Structure formats: structure tokens, C-alpha cells
Amino acid sequence: MKPTHIEHLGIAVTSLEETMPFFEFLSGSKCYSIEEVADQKVKTAFFKIGQTKIELLEPTCPESTIAKFIEKNGGKGGIHHVAFNVENVAEALKEAEAFGIKLIDVQPRKGAENLMIGFLHPKNTCGVLTELCEQPK
Ligand code: ZN
């Protein structure tokens with residue numbers, strides 16, 4: 001899969017506004033981007049720590065998978081997914097499938113920050129929802 005680094009940690013939150021000051025404190029940096037990803041029914045906020053990012057995810061409606069995650073988590077947020085940077089998501093998804101990992105995304109799709117992304121099924125990834133990301137060319 002040729003992973004290069006942890007691209008980001010996805011953390012579900014009930015409110016970006018309420019949680020951003022804590023993550024600004026923790027990362028030692030200001031949020032550099034807020035973006036709504038309509039496709040995934042979330043609003044995201046990004047912080048940088050070295051080359052790794054923290055991606056906060058706030059649900060924009062009750063049908064959002066993030067809203068369901070928060071509901072399952074007793075109404076609280078928490079670590080939602082880990083994202084690995086790879087050179088080529090389409091190839092990495094094929095390799096993961098050949099390794100025996102069930103895919104959530106068979107084809108790469110566009111995520112926040114114009115990354116091409118694909119998710120692996122947590123059933124085959126030790127319960128950790130895993131995202132693969134490719135930087136925009
Ligand atoms: Zn992500």
C-alpha cells in the first residue's frame with residue numbers, strides 16, 4: 001500500500017464551536033480550515049501537528065454516520081477513524097481487498113481537502129475504522 005504517514009485522526013464532536021479551543025490548545029495551532037462535506041453530512045475543522053492533522057467531524061443532520069457514532073457513544077464524541085496517507089488510493093484499496101479486508105469504498109471518492117479517500121471495513125481492521133488518503137496531484 002506504500003503508506004507514508006498518518007494523514008489525520010478523525011474525531012467526532014457534538015459541536016465544532018465548543019471543542020475547537022481545546023484542540024487549538026492541544027495542537028498548538030489555530031484551526032486552518034473549516035469545510036462542510038455535504039456528501040458525508042459533516043462539517044469538518046482541521047488542525048496541524050507536524051505533517052499529521054486532526055480532523056474534527058460535526059454531524060450536520062441526525063442521519064449522518066457521525067451522528068449515529070455519537071449516539072452509540074452515549075452522546076459523546078471520540079476517535080472515529082485513523083487515516084493513512086498512501087501514494088495511490090485506488091491501488092491501495094485493491095491491495096487491501098486482496099489481503100482479505102472488506103472495503104466500504106470499492107472506488108476512491110473525494111473527501112475533505114480535495115483528498116481522494118477510501119474506507120476499509122472496521123470488521124477486518126481490528127475494530128478501527130481505517131481511511132486511506134491520497135494527496136491531490
Ligand atoms: Zn478522515
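Okay, let's start with a question: which residues make up the largest nonpolar core? The answer is I11, V13, L16, M20, F23, C31, A45, F47, I54 and L56, so 10 residues in all, going by the rule that core residues are buried and joined through side-chain atoms within 4.5 Å. Before I go on, please keep in mind that this is a predicted model.

Where does that core come from? Well, α1, β3 and β4 each supply at least two of its residues, and α1 gives the most, with 3. There's another core lying apart from it, with 9 residues, and V86, V89, A92 and L93 are among them.

Let me stay with V13 for a second, since V13 belongs to the largest core. If you leave aside its neighbours within four places in sequence, V13 is in contact with T19, L56, L57, E58, P59, I70 and G77. L56 on that list is a member of the largest core too.

Now the sheet. We've got an open sheet of 8 strands with mixed pairing, and the order goes β2-β3-β4-β1-β5-β8-β7-β6. At the edges you find β2, residues 33-37, and β6, residues 109-110, and each of those pairs on one side only. Further in, β1 (residues 3-12) runs parallel to β4 (residues 52-59), with 5 bridges between the two. If you want one bridge to look at, take A12, whose partner in β4 is L57.

On to the aromatics. The structure has 3 aromatic pairs. Take F22 and F23: the ring centres are 5.0 Å apart and the planes sit at 80°, which is over 60, so we call that pair edge-to-face. The two rings differ in exposure: F22 is partly exposed at 46% relative accessible area, while F23 is buried at 9%. Ring pairs also bring in F47, giving a cluster of F22, F23 and F47. Both F23 and F47 are in the largest core as well.

Then there's Y32 with F46. Here the centres are 6.2 Å apart and the planes are at 45°, so the pair counts as tilted. This one links distant parts of the chain: Y32 is in the loop between α1 (16-27) and β2, F46 is in β3 (residues 42-49), and they're 14 residues apart. Is each partner buried or partly exposed? Y32 is partly exposed, at 34%, whereas F46 is buried, at 2%.

One last thing on Y32: K48 lies over the face of that ring, 4.4 Å from its centre. Okay, over to you for questions.

How values were computed. Residues numbered from 1 in each chain as written. Predicted model: local features only at pLDDT ≥ 70, side-chain atom pairs only at ≥ 80, totals over all residues. Heavy atoms only, no water. Pairing = 2+ DSSP bridges. Helix = DSSP H or I, 4+ residues; strand = E, 2+ residues; numbered from the N terminus. Phe/Tyr/Trp six-rings, centres within 6.5 Å; stacked < 30°, edge-to-face > 60°. Buried < 20%, exposed > 50% of the residue type's maximum accessible area, 1.4 Å probe, protein only. Lys NZ or Arg CZ within 6 Å of the ring centre and 35° of its normal. Contact = heavy atoms within 4.5 Å.
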